[in-house]
Amino acid sequence: MTTPKLVVDHVGKRFTTKNGQVVALEQTSFSVMEGEFVTILGPSGCGKSTLLRVVAGLEEPSSGHVYVDGKEIHGPGPDRGMVFQSYTLYPWLTVEDNITFGLQLRGISRKERREVAQHYLELIGLKGFEKHYPIQLSGGMKQRVAIARALANDPEILLMDEPFGALDAQTRAIMQEILLKVWEETKKTILFITHDVEESIFLGDSIYVMTARPGRLKKNIKVPLPRPRDYHYKNSPEFLALKQELLELIREESLKAVKP
Amino acid sequence: MWKNVFTPKKEIAKPLYTGAGITTFLLLLAIWSVLSYGGFVNPLFLPSPGQIVRTAVDMFQSGDILGDIGISFSRVALGFLLAALIGVPLGILMGTLRIVEGAFEPIIGFIRYMPASAFIPLFILWIGLGESEKMAVIFFGTFFQLTLMVMDVTKNVQTELIEVSYTLGANRFQLFSRVILPASLPGIVDTLRITFGWAWTYLVVAELVGASDGLGYMIMQASRFLKPDKVIIGIIIIGLLGLLMDLLFKAIYRASFSWMRKEGS
């Protein structure tokens with residue numbers, strides 16, 4: 001058996017507030033294999049974003065360790081690309097310069113950057129938009145560019161924090177298909193956070209369900225759907241059965257969060 | 001045309017909006033004319049609009065006023081430039097590094113409430129009556145506000161924008177040069193526009209003592225010799241210069257930050 005791409009080892013996170021300590025994340029362990037698409041499903045406020053931020057290195061864990069390719073991480077780095085829910089494109093840069101921002105930081109030549117940008121623009125279906133500024137793009141387009149920007153930097157793992165959470169239902173469905181296509185072509189390891197049950201099934205090889213705060217992993221479910229997937233699978237009996245099961249699990253947790 | 005005129009927050013026809021502005025100006029001119037031409041006020045206190053125009057033409061023909069404008073402009077510009085050269089970098093550092101904010105925010109927040117004019121006697125004692133004393137007043141009047149405003153602008157850079165830059169491999173220096181600076185630049189230019197306007201309002205105070213030329217001096221002299229027409233002209237010129245610089249900054253802003261507009265160019 002090969003070593004996993006990402007290992008989260010007994011990671012816990014406490015915050016100190018005015019009212020004392022708050023446990024955002026109980027000790028959590030799991031691993032993600034190379035090329036795997038793992039989704040983490042949880043009710044809002046369950047600490048799933050905290051978990052992702054710890055993996056990204058944007059938060060220090062209160063306990064435990066995170067390893068990428070067997071090496072412990074300290075702080076953020078280009079080996080873990082990140083896509084946020086809020087729009088985080090650099091508004092003063094064109095689409096092309098946004099995508100190649102990481103390459104420019106490393107001093108890659110303009111010619112090479114242009115080639116990389118073209119490749120990813122094609123992948124996300126935004127060819128012809130290289131000279132546009134973010135303000136001229138729709139929400140879905142912005143998130144596609146954000147995905148391309150993270151991938152152009154060639155990270156070991158792509159971390160996505162509800163990247164389609166701010167989009168309308170129709171756009172979100174299309175974005176999910178585009179992301180699957182991108183994942184199939186690049187074979188990147190992806191850790192994807194969502195509170196949307198359908199999204200977690202449609203995208204993931206494997207789903208981790210989280211409990212309400214304090215967050216911990218409640219259940220791991222392998223998704224039995226074949227690859228490549230298209231949106232028709234959302235109506236298949238396997239999909240609907242899994243959706244039903246997950247909805248029950250999440251409902252239980254959401255209720256706990258509403259009336260503690 | 002008159003639709004929505006009294007509906008809160010509704011857009012109205014463009015000519016109506018422009019017309020309202022012009023009407024206010026004309027109304028002011030009308031009141032002024034009635035008071036002065038109608039003989040309600042002694043011309044020694046309020047000269048007529050015609051008198052103002054005649055004096056202005058005289059002043060520009062003799063050319064003295066042009067020298068005053070030039071010298072005042074350079075005082076305001078230099079004093080302000082010095083404030084910006086120190087205030088902008090300091091403000092950026094204060095907005096990004098908590099330790100710099102901790103060190104400077106309390107003292108700047110304290111000094112900015114002290115009136116610049118009250119410091120004039122000290123400035124004279126410390127640096128004499130020359131040009132530097134005038135620049136010091138302009139500097140003192142703008143530096144502290146400017147620095148705090150730049151700090152606020154820098155603080156408002158979206159946290160996620162900084163975090164995503166780290167995940168793209170940016171180091172701390174690159175974070176300043178490639179993210180925080182370009183992200184704050186529009187706000188900084190806007191801050192400079194506003195504070196440069198304030199710099200003009202300190203001009204008269206700066207030229208109150210120990211000056212022998214400049215618009216502020218001209219106004220003080222005119223007041224001493226009871227020439228209200230010259231005082232009014234001086235005030236109007238300062239206002240116009242301030243407005244002109246404001247428009248210039250707005251043009252720079254529009255030309256530099258096309259990425260902030262949907263149409264792109």
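**Exercise 1. Find which residue stands opposite A:V7, and place the pair in its sheet.**

Step 1. Look across from A:V7: the residue opposite is A:Y67, in β4 of chain A. This is a predicted model, in which local features need pLDDT of at least 70, side-chain atom pairs count only at pLDDT 80 or more, and totals for chains, interfaces and linings use all residues. Residues are numbered from 1 along each chain as its sequence is written, and chains are lettered from A and ligands numbered from 1 in the order in which they are written.

Step 2. Now take the two strands. Strand β1 (residues 6-17) of chain A pairs with β4 (residues 63-68) of chain A in the antiparallel sense, over five bridges. Strands here are DSSP runs of E with at least two residues, helices are runs of H or I with at least four, and both are numbered from the N terminus. Two strands pair if DSSP finds at least two bridges between them.

Step 3. Widen the view. The open sheet of chain A has four strands, ordered β2-β1-β4-β5, with antiparallel pairing. At its edges are β2 (20-32) and β5 (71-72) of chain A, each pairing on one side only.

Step 4. Add the helix. Helix α1 (residues 48-56) of chain A lies across β1, β2 and β4 of chain A, at about 115 degrees to β1. For such angles, axes are lines fitted to C-alpha atoms (for helices over the stretch in contact), and the angle runs from 0 to 180 degrees between N-to-C directions. Contact means that two C-beta atoms, placed from the backbone, lie within 7 Å.

**Exercise 2. Work out which element gives the largest share of the side of domain 1 of chain A that touches domain 2 of chain A.**

Step 1. Start with the bounds: domain 1 of chain A covers 6-79 + 155-258 and domain 2 covers 89-153, as set by an automatic or database domain assignment.

Step 2. Count the contact: 16 residues come from domain 1 of chain A and 12 residues from domain 2 of chain A.

Step 3. Pick the element. Helix α6 (residues 169-186) of chain A gives the largest share of the domain 1 side, eight residues.

Step 4. Sort that side by class: 12 nonpolar, two polar and two charged residues. Nonpolar covers Ala, Val, Leu, Ile, Met, Phe, Trp, Tyr, Cys and Pro; charged covers Asp, Glu, Lys and Arg; the others, Gly among them, are polar.

**Exercise 3. Is A:G165 buried, partly exposed or exposed?**

Step 1. Locate A:G165 in the loop between β7 (157-161) and α6 of chain A.

Step 2. Apply the rule: a residue with 20 or more other C-beta atoms within 10 Å of its own is buried, one with 12 or fewer is exposed, and one in between is partly exposed, with C-beta atoms placed from the backbone.

Step 3. A:G165 is partly exposed because it has 17 C-beta neighbours inside 10 Å.

**Exercise 4. Describe chain B and its contact with chain A.**

Step 1. Chain B has 11 helices and zero strands.

Step 2. Check the radius of gyration, taken over C-alpha atoms. Chain B has 23 Å, but a compact globule of 265 residues would be near 18 Å, by the rule of 2.2 Å times the number of residues to the power 0.38.

Step 3. Turn to the interface: 21 residues of chain A and 15 residues of chain B take part. On the chain A side, β6 (80-83) and α3 (101-105) are the elements that give two or more residues.
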